[in-house]
Amino acid sequence: MLLSVSSAGPLYVFERPTRILVADDDPIMREFACAQLAHPGGEVVVAADGEAAWEILEREPAFDLVLSDLEMPQLGGFGLLDRIRASERHAHLPVVVITSRDDMFAIDRAYEVGATSFVAKPVNWRLLGYQLRYVLRAARMEAELRAARDEAERAVELRASLLALLQHETRTPLNSIIGYSEILRAAASGTALTDCVDQIVTSARGLNEVLRRIFDFAQISADPPPMDRETVRASHLGEEVLGAFQHAARRAGGTLVLAPIADDALIEGDVRHLVKALGELVTNALTHAGGEVTIAVERRGGEVAIAVRDQGPGIPADRLARCLEPFAQGADPLTRAREGLGLGLPTASRVARLHGGSLEIESGAGGTTARIVLPTALPARAFGT
């Protein structure tokens, strides 16, 4: 076997103490590996074939890297790679294989079965040391990314579990508070307690609505969110929103109207989510602008926009982007003048994206128009009345 040996002694190129397993049936290669890869605090363990290497991997504490020849008796490098990648414990262990310089077939196959890198014979040990250092650095970065991803997934699962628990545990007590408060309000009518009981009922209903909106936003933020798709007319969504929020508009001192629809369209989606999203836009308009709020259906070739227009003072350009952030409401949540969760526009944007569409906002001195733009379910020529 040809060897390229540095006369400068051990490499000492590793950035930290490293455990290396070397599998090679050539005793000279094993001796050179121990001599050339030795470094302070590290350990080089050798095995005469793949089977012995696998037994060491399973028996001893974790290794940082495996350096393996491909041609070995009993269990070759390919077989060792197969076992390592199939193992839950060692699946991400970096494996560098040693092969002949001109054996491209072996190199291709090694990568196919999971090799991290390869080194060609004759081995230049100094270059190999630096190559192994970079392999280890990349492996550690990947491990950090996997850990961060796993932590993010655990956080998402915890959030979902916590919200589900809160939804379950708050619904019954709040309904009881609201129900018994209504009974107390009827019993206390005309007494000094009337205003107090009215305040309890109003506060309980307000808290119930806040929690409902938070739970709704959490539901559509799930991956994947629950969806119940059906094909409906865009005008049907406008009518649903009009019917659901007309009373709220009157209570807020405004009016809600549905503009005449010249060109209707079919869309496919979850009606419940879409109506809630449009309702958030209507609630925003009534809360921040008041007056007359208009719902309109607009055709755009292969798309349809369901718009909510108000005649308020508009939103400053520097606040528009922040308005799309959950709980931001376009201002500091601790110092803003108006109450609210800041979930209206984020909810509408998320629902639009879930349906393959988008949320558009135009705002100026004459008011604000928010549009949920969706693809039509059928071409215009196929749409019938």
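# A tour of the predicted fold

Visitor: What percentage of the 385 residues in the protein is buried?
Guide: Welcome! This is a predicted model, so local features need pLDDT of at least 70 and side-chain atom pairs count only at pLDDT 80 or more, while totals for chains, interfaces and linings use all residues. Residues are numbered from 1 along each chain as its sequence is written, and side-chain values use heavy atoms, with hydrogens and water left out. Taking buried as under 20% relative accessible area, exposed as over 50% and partly exposed as in between (1.4 Å probe, protein chains only), the buried percentage is 41%.

Visitor: What is the mean pLDDT of the protein, and where is it below 50?
Guide: pLDDT is the predictor's confidence in each residue, from 0 to 100; its mean here is 84, and 89% of the residues reach 70 or more. Where pLDDT is low, the predicted coordinates should not be read in detail. Beyond near neighbours in sequence, one stretch below 50 has 12 contacts in the model (contact means heavy atoms within 4.5 Å), and that stretch is residues 330–337. With 7 such contacts, another stretch below 50 is residues 380–385.

Visitor: How many helices and strands are there?
Guide: Helices (H or I, at least four residues) and strands (E, at least two) are DSSP runs, numbered from the N terminus. On that basis the secondary structure comes to 10 helices and 14 strands.

Visitor: Which helix supplies the largest share of the largest nonpolar core?
Guide: A nonpolar core is a set of buried Ala, Val, Leu, Ile, Met, Phe, Trp, Tyr and Cys residues joined through side-chain atoms within 4.5 Å. The largest one has 38 residues, and those with the most contacts inside it are Leu-237, Leu-256, Leu-281, Val-282 and Ile-372. Elements that each supply at least two of its residues include helix 6 (194–220), helix 7 (234–251), strand 11 (292–300) and strand 14 (367–375). The largest share, 9 residues, comes from helix 8.

Visitor: Which residues does Leu-256 touch, not counting those up to four places away in sequence?
Guide: Leu-256 is among the residues with the most contacts inside the largest core. Its partners are Val-241, Leu-242, Phe-245, Gln-246, Ala-249, Val-282, Val-293 and Ile-295.

Visitor: How far apart are the end C-alpha atoms of helix 8?
Guide: The expected span of a helix is 1.5 Å times one less than its number of residues. With 18 residues, helix 8 should span 26 Å, which agrees with the distance in the model, 26 Å.

Visitor: Which residue caps the N-terminal end of helix 8?
Guide: Look for a side-chain oxygen that lies 3.0 Å from the backbone nitrogen of Arg-272. The residue that carries this oxygen is Asp-270.

Visitor: Why are the buried residues of helix 4 on the same side?
Guide: Helix 4 (residues 104–112) buries Ala-106, Ile-107 and Ala-110. An α-helix has 3.6 residues a turn, so residues three or four places apart point the same way. Phe-105 and Glu-112 are exposed on the face turned away from the buried side. The buried residues are on the same side of helix 4 because their arc, taken from the directions from the helix axis to the C-beta atoms, is only 100°.

Visitor: Which side chain joins that of Arg-309 in a polar contact of 2.4 Å?
Guide: Arg-309 sits in strand 12 and is partly exposed, with a relative accessible area of 29%. A polar contact is a pair of N or O atoms within 3.5 Å; within protein, one must be able to donate a hydrogen and the other to accept it, and residues adjacent in sequence count only if both atoms are side-chain atoms. The partner of Arg-309 at 2.4 Å is Glu-298.

Visitor: Which residue is joined to Lys-121 by a cis peptide bond?
Guide: Most residues other than glycine have a negative phi, and most peptide bonds are trans. Here omega is about -5°, and the partner lies in the loop between strand 6 and strand 7 (123–124). That partner is Pro-122.

Visitor: What is the phi of Gln-74?
Guide: Gln-74 belongs to the loop between strand 4 (65–69) and helix 3, and it is exposed, with a relative accessible area of 70%. Although Gln-74 is not a glycine, its phi is positive, at about 65°.
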